[in-house]
Amino acid sequence: MRAAVLHEIGQDKLEVLDDVEAVGFGPGKVRIRVRATGLCHSDLSAMSGVLPQPAPFVPGHEGAGEIVEVGEGVSHLKAGDRVVVCWLPACGVCPACKRGQTELCLAGFMNAGTPNFRRPGGDLFGFAGTGTFAEEVVVDAGCAVPIPDDVPFDIAALIGCGVTTGLGAALNTADVEAGSSVAVIGCGGVGISAIQGARLKGAAEIVAVDPVASRRDSALKFGATKAVSPDELADAKQQVTGGEGFDYVFEVVGRSATARTAYENTRRGGTLVVVGAGAMDDFLQLNMFELFFDEKRILPSMYGGGDVLRSYERTIALWRAGRVDLEGLITHRVPLADINEALDQMRTGAALRTCIEI
């Protein structure tokens, strides 16, 4: 079968090969025919080494498709079922799951260390234990979440990561208060989803911050009340908040420099939500006096900060009701053979989300 492979960390191009085999099928596993997958910035971060990931590997973790085969012991799924791939399934028995913090379950991360692809040259890993830049993938049954027949594969793929992460940051982690002021730094697919979440919660002012003009224009269409470049943020802060700072600031880039900017633009007693996934050696510096004196809440948001399955269901309900726009997030479509074109679209900021059709 075909799959896009990164041979070494640090390479900026993927090679589409037709000699890859999805392996590991057995009890408790399912085989999925991938129909659509989104390109998430986390895939680029894994390719560059910002996020830890063994190589060689097949990127992709935001996918949807059909069950081809189910292993022994899998009773809730059958061949032909339409599913979204969940890269962070909850085991239900670990301390985090028992506390109701299923987004902190580590069971899914354990899968990332086991190869789930093979080619004549040796084993391949799947990013985050999945690897959806492939025609087929074998995953634990808990990673395959059934979706209703009226949800297209491309929409379902977005729900698998970016939309759930962004919406959840506003709805779950921040629990944005109606009438509040919000700034979102970084307006790709996840940032736009955070904007939609803040709008749903009734934020009065939503300022989108991004260096790419097309993304700023898109942010206005999705609910931002103002869109500015990073060097215009200080003026926006003055105009919208009288210089006090925003009630909520979402950092959706994953860099200490933008997190520091987000902190400085959060009002005293306000909330900074860290959504971007950054590097382990990139440190955010805060002095102990400001941390005490400003009383700003710093809330990291992992995968939307809530129960993933409930978040999927909520997103589908909001999409059906026309309360969130998911179709509009897909600005580009490419076949798997042109995956490197999708990478360029992400790196330049030309795309909010590129759907890779497999």
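Two strands are said to pair if DSSP finds at least two bridges between them. The model on screen is a predicted one, and the tour below makes three stops.

**First stop: a parallel strand pair**

Select residues 330-335, which form strand E18, together with residues 353-357, which form strand E19. These two strands pair in the parallel sense, and five bridges join them. To view one such bridge, select Arg333 and its partner in E19, Cys355. Next, add helix H12, residues 339-348, to the selection. With H12 included, E18 and E19 belong to a right-handed β-α-β unit.

**Second stop: a pocket**

Select Cys86, Pro89, Ala90, Gly142 and Leu309; of the lining residues of the second largest pocket, these lie nearest its centre. The lining comprises 15 residues, and the pocket has a volume of about 180 Å³. Which elements should be highlighted around the second largest pocket, each supplying at least two residues of its lining? They are strand E11, residues 144-146, and helix H11, residues 308-320. E11 provides the largest share, with three residues. Colouring the lining by class gives ten nonpolar, three polar and two charged residues.

**Third stop: Glu21**

Finally, select Glu21, which lies in strand E3, residues 21-22. Is Glu21 buried, partly exposed or exposed? Glu21 is classed as partly exposed because its relative accessible area is 44%, between the limits of 20% and 50%. Now display Met1, Asn116, Phe117 and Arg118, which Glu21 touches when residues up to four places away in sequence are not counted. Arg118 is 97 residues from Glu21 along the chain, yet their C-alpha atoms are separated by 5.1 Å.

Notes. Residues are numbered from 1 along each chain as its sequence is written. This is a predicted model: local features need pLDDT of at least 70, side-chain atom pairs count only at pLDDT 80 or more; totals for chains, interfaces and linings use all residues. Side-chain values use heavy atoms; hydrogens and water are left out. Helices (H or I, at least four residues) and strands (E, at least two) are DSSP runs, numbered from the N terminus. A crossover is right-handed if, with the strands pointing away from the viewer, the path from the first strand over the helix to the second runs clockwise. On a 1 Å grid over the protein atoms alone, a cavity is a set of points where a 1.4 Å probe fits but cannot get out, and a pocket is an open set with protein on both sides within 12 Å along at least five of seven lines; lining residues have an atom within 4 Å of a point. Grid points are joined across faces, edges and corners, and a volume is the space filled by probe spheres set on the points. Ala, Val, Leu, Ile, Met, Phe, Trp, Tyr, Cys and Pro count as nonpolar, Asp, Glu, Lys and Arg as charged, and the others, Gly among them, as polar. Buried means under 20% relative accessible area, exposed over 50%, partly exposed in between (1.4 Å probe, protein chains only). Contact means heavy atoms within 4.5 Å.
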